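Biologist: I'm new to this one, so could you take me on a close look at the part where the two chains meet? An informal tour is fine.

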Amino acid sequence: MLGVKRMLRKRSILIPVLFLLPSIVFLTTFVYFPLVQNFYNSFFDFSVFSQKKTFVGFENFKNLIGDKVVLTAIGNNFKYMIISVILQVGFALVLAYILEDKIFRKAAPILRVIYFMPVMVSISVIALLFGFIYNPQMGILNSFLELIGLTEWAKPWLGNSSTAIYAVIAMSQWQSIGFIMMLFIVAIQKIPQELYEAADIDGAGKIRKFISVTVPQVRETIFVNTLITVTGSMLVFNEPYILTNGGPGFSSITMSVHMYQQGFVKDNMGYASTIAIVIFMITAILAVIQIRLSRTGKGD
Amino acid sequence: MGNIVKSTRKYQRFGLGELFITIGLIVYAVIILYPLFWMVISSMKSYKEIYNNVWGFPSTWLVENYATAWSKGISSYFVNSIFVTAITVISVVLIGSMAAFVLARYRTKLIDFALIFIIGGMMMNPEVALIPLFNILSSLELINTHWALIFTYISYRLPLAVLLLRAYFLSIPRELEESAIIDGCSEFGIYRRIYLPMSVPIIITVIVLTSYYAWNEFLFATIFIESNDLKTIPSGLMNFRDALRTDWGVLLAGMVMSAAPMVLLLIFLQKYLVRGLSEGSVKG
């Protein structure tokens, strides 16, 4: 045995180097270097089409403070976050608990697949589909409201600056609740059955068991899912970009869409880099929290 | 209500509460399914019928909408998506498993650093790197080629792949490789003949996760690819919509065709996707 161990150790370093090299090269070039580059870029003014960069110092950061659209965007990101945490974490947890209840054992496998289905469909298809659903003339949402006699509720959901962001958020919930629900189901299935049996003996009802057994047992998953949802809300791009492109006006803009528009539409690449830094800071703080929490979790 | 019944009988009674919950579950299932169902039905309608008869079935089922959508662009988006997804998946599995192999079997300070370096990539978000990536890819003359997507997809998917593969590799018993070394198996042989074949389940998970990502990715696909001929499905659909204007039936047919392969694949391989997503979500 010792001989074998020595052989293992003595093996050339060629394999480790060769095997790690591609991964290191990819991550350096396309993940870490851009991040550093982004900080550098934020002190310059430059265009998509030219390599020439003009140093502007903290000009971009000053502009950021005076930019009202940033406030709207952060506000929308927070709306996204609050609604997503309530529905994707809160509602999804309850849903997972119900589906794992023995009484729904027969229906659960089918319902799981149905609720999970939107996750499998690409966001561009879903966003185009919701474009039809929200369509003011023939959309099925307005048609449905007319059908049940709530004609006065019907409105151009995406064309109205007070409803646009909520219509976008609603679509995200429709797509993502099933995803988080699935993560909760996996977590709930790992809870030892004895805990529920003990609760049964104590005469606990279903709601009581949910509060005293399920929630504390999946605490860790709740933290992780909350952070996934919060980080996702801070980064959200596809949904508002496809459905409304931030409009009408800037009413449904988010930070990522604002960054995209500044960089690629208005050609202020330097300023867009500065917005990217704000997004990076927010998500980096969330990532640190996530690492901290998963470390403490391991100590339990 | 049911307290006495519940405690005296072994099985649970289906009470009023359960009835309400069941109704709720069905309503939610309808909310999820109906839009998808509507998409499929309306994809076989004409524009007029989509507009005037929102709820009904088509008077004539225009299956030819699918043929039109296919020939008007979806076919080329499809080929592009398959190419990009295939190369990305193969690369991620190969490069990721090689890195995971070394990271699981060696322990030195440098290897530990490499582990943190690679897995730490999971914390980085593509949205934030968008502008520098665009510049880097431009200077490499990769903008508006499939490689712009492939290289970035590989880079952003590797961390998760390495995380999953390494965890699995660590569970492979050491005795196996020791006896292989005694039999004269080389280091590369251990990787190819022992580690890869023994890790098929996790490799499938990585394949499913990576293809799910590469097939559906929207942001890079929209910004790094300019010409319509090179576009993958998610960004191609946007062009498709703009080109068709009011030919909604054809657009919907294109949407169904774009979504179908992944949905079918994932219904069968859901187990692997869910495992990957749930293990990958517990970072650190």
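Modeller: Here is a walk along the meeting of the two chains, followed by a few spots elsewhere. Keep in mind that this is a predicted model. Chain A averages a pLDDT of 86, with 94% of its residues scoring at least 70. Among the elements of chain A, helix H4 (residues 68-100) has the highest mean pLDDT, 93, while helix H1 (residues 2-10) has the lowest, 52. Where pLDDT is low, the predicted coordinates should not be read in detail.

Now to the meeting of the chains. On the chain A side 63 residues are in contact with 73 residues of chain B. Helix H2 (residues 14-41) of chain A brings the largest share of chain A's side, 16 residues. By class, chain A's side splits into 46 nonpolar, 14 polar and 3 charged residues.

Let's zoom in on one pair of helices, one from each chain. The axes of helix H6 (residues 123-133) of chain A and helix H12 (residues 233-244) of chain B come within 8 Å and cross at roughly 30°. Angles under 35 degrees count as roughly parallel, and H6(A) and H12(B) are therefore roughly parallel to each other. Who does the touching? H6(A) offers Ser124(A), Val125(A) and Leu128(A), and H12(B) answers with Pro234(B), Leu237(B), Met238(B) and Arg241(B). That contact of H6(A) with H12(B) has 5 nonpolar residues, 1 polar and 1 charged.

Met255(B) ties in with this spot. Setting aside residues up to four places away in sequence, Met255(B) touches Val125(A), Leu128(A) and Leu129(A) from chain A, plus Met39(B) and Leu237(B) from chain B. Met255(B) also belongs to the largest nonpolar core, which has 158 residues. Met255(B) is one of the residues with the most contacts inside that core, as are Met181(A), Phe184(A), Ala276(A), Ile279(A) and Ala99(B).

Follow that last name next. Ala99(B) is found in helix H4 (residues 64-105) of chain B. With 28 other C-beta atoms within 10 Å, Ala99(B) is buried, because the cut-off for that is 20 or more. Leaving out neighbours within four places in sequence, Ala99(B) is in contact with Phe19(A), Leu20(A) and Ser23(A) across the chains, and with Ile118(B) and Val162(B) in chain B. For a sense of scale, Ala99(B) and Asp247(B) are 49 Å apart in space, C-alpha to C-alpha, and 148 residues apart in sequence.

Two loop residues also deserve a glance. Most residues other than glycine have a negative phi. Asp267(A) has a positive phi of about 60° although it is not a glycine. Asp267(A) is in the loop between helix H13 (255-265) and helix H14 (269-299) of chain A, and is partly exposed, with 13 other C-beta atoms within 10 Å. Over in chain B, Glu141(B), not a glycine either, has a positive phi of about 60°. Glu141(B) lies in the loop between helix H6 (126-139) and helix H7 (146-170) of chain B, and is exposed, with 10 other C-beta atoms within 10 Å.

One last stop: Tyr196(A), in helix H9 (residues 193-201) of chain A. Tyr196(A) counts as partly exposed, with 16 C-beta neighbours inside 10 Å. Beyond its neighbours within four places in sequence, Tyr196(A) is in contact with Lys209(A) and Val213(A). The C-alpha atoms of Tyr196(A) and Lys206(A) are separated by 9.8 Å, with their positions 10 residues apart along the chain.

Technical notes
Residues are numbered from 1 along each chain as its sequence is written. Chains are lettered from A and ligands numbered from 1 in the order in which they are written. This is a predicted model: local features need pLDDT of at least 70, side-chain atom pairs count only at pLDDT 80 or more; totals for chains, interfaces and linings use all residues. Axes are lines fitted to C-alpha atoms, for helices over the stretch in contact, and angles run from 0 to 180 degrees between N-to-C directions. Helices (H or I, at least four residues) and strands (E, at least two) are DSSP runs, numbered from the N terminus. Angles under 35 degrees count as roughly parallel, over 145 as roughly antiparallel, 65 to 115 as roughly perpendicular and the rest as oblique. Two residues are in contact if their C-beta atoms, placed from the backbone, lie within 7 Å. Ala, Val, Leu, Ile, Met, Phe, Trp, Tyr, Cys and Pro count as nonpolar, Asp, Glu, Lys and Arg as charged, and the others, Gly among them, as polar. pLDDT is the predictor's confidence in each residue, from 0 to 100. A nonpolar core is a set of buried Ala, Val, Leu, Ile, Met, Phe, Trp, Tyr and Cys residues joined through C-beta atoms within 7 Å. A residue is buried if 20 or more other C-beta atoms lie within 10 Å of its own, exposed if 12 or fewer, and partly exposed in between; C-beta atoms are placed from the backbone.
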